[in-house]
Amino acid sequence: MKRRRKLSHKEGVVEVSDDIVINILHRLPSKSLARFKCVSKCWRKYIADSSLSYSCRTQRWRPQPYLIGFFYQARDTCERSKIQFFFSSEESSLDIDGSFDQSVSFLGRSAYIVASSNGFLLCNRQRVYYVYNPATRQSMALPKTQIGMNDPTIGFICKVDDPNRDVISFTIVRYWILQSNVTIESFSSETNAWIVDNLILNVPLRLYFFVYMKSPSAGVVDGVFFWLDQGPQITVYDSVHKSFWALGFPEDMVATGNYFLGFSGGDFYFALYVKTNITVWQLKSNIRSRDALWVRKYVTDVATTVPFGLTGFLHTEVQNMDIHPASPHIFYLDVKGKVISYDMETDIAELVHDFGEYGWRTKHFKLFSYEWHQWPRGIL
């Protein structure tokens, strides 16, 4: 479309092409589209067009999220439990408005972030969980859990139920292991209730791993939750078929070091960091298969790619790691108190954030990726 429309302006005439108008409409939520049908006959025609409507929904609810930054919080002392936020790039800070809550202060200092998903945070305070939208500052308090667990393993997933109403639903899974028994407590926004399931393991897991387990799930696909214990050990829970098992590591993994499990672009990735080398594998087997098939994806030496000027240290030591939710070749590395974004395909490293603390203190920080959305996201 090359046709242009003239809009009156007190200093002259502004010409806006139909392509620009459609591009603007393409970025709006369904609620706004419904209101803007009254602007003009042309806008009504554009909005009523089935291809445009589908295109708007597809772009706004695309499965590849736009990473805006990270919430982080220390878990070693109450004095350092303040929730903070940093942007993943300078450009991402331009996409949000003043309503965005970077401190998540609505619950006070006694609250902890335990997981993040699709632009929502899962927070906990005294056995009560809260689902919070930092963009709209809306929160929902859930009923108290039925079982008391000492810092259990957490899984949290939000999904879009009705794009036309901008409404999401969510599921929470938490579990604890005692000997060969797994106690799983799950919550669904559809039932608004906690349900307890007790499973018996056919093959006992390494129980001492769960004493220190405080991490959220690495990802959820079709009701299957994946976690990485600090032991390390990959645990999987199929909430559809009510089964729980441990998943094997890559067969060609020949060393031990620091481990990471993340979800990006629809797939799971496992990373091993030894000295200054990072190796990344992609899970190729079916998510419900107990026989893991890992394929090596990237191998890099961060000592040769992360320059001295970014960290201020001659020795590069990765203390924490996260993966971009849509681009699996981009990792975020905590190197002695500084967060570095590293592209494993181009070997480009950039400084993202400086915590302003000694590196040995930042190892207690937990990072929660946050995806920004340009439309209202209600809680069902």
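In which sense do strand 3 and strand 4 pair, and over how many bridges? In this predicted model, strand 3 covers residues 67–74. Its pairing with strand 4 is antiparallel and runs over 4 bridges. One residue pair can be named: Gly-69 has Phe-87 of strand 4 as its bridge partner.

These two strands belong to an open sheet of 3 strands. The order is 4-3-25, and the pairing is antiparallel. Strand 4 spans residues 84–87, and strand 25 spans residues 365–371. Both stand at the edges of the sheet. Each has a single partner strand, so one side of each is left without a neighbour in the sheet. Neighbouring strands are turned against each other by 30° on average, direction ignored.

A separate feature is the second largest pocket. Its volume is about 380 Å³. The lining comprises 21 residues. Nearest the centre of the pocket lie Thr-171, Ser-186, Phe-187, Ser-188 and Ser-239.

Which strands each supply at least two residues of this lining? They are strand 9 (153–162), strand 10 (167–178), strand 11 (181–188) and strand 12 (193–200). Strand 10 gives the most, with 4 residues. By residue class, the lining of the second largest pocket divides into 10 nonpolar, 8 polar and 3 charged residues.

Notes: Residues are numbered from 1 along each chain as its sequence is written. This is a predicted model: local features need pLDDT of at least 70, side-chain atom pairs count only at pLDDT 80 or more; totals for chains, interfaces and linings use all residues. Side-chain values use heavy atoms; hydrogens and water are left out. Two strands pair if DSSP finds at least two bridges between them. Axes are lines fitted to C-alpha atoms, for helices over the stretch in contact, and angles run from 0 to 180 degrees between N-to-C directions. On a 1 Å grid over the protein atoms alone, a cavity is a set of points where a 1.4 Å probe fits but cannot get out, and a pocket is an open set with protein on both sides within 12 Å along at least five of seven lines; lining residues have an atom within 4 Å of a point. Grid points are joined across faces, edges and corners, and a volume is the space filled by probe spheres set on the points. Ala, Val, Leu, Ile, Met, Phe, Trp, Tyr, Cys and Pro count as nonpolar, Asp, Glu, Lys and Arg as charged, and the others, Gly among them, as polar.
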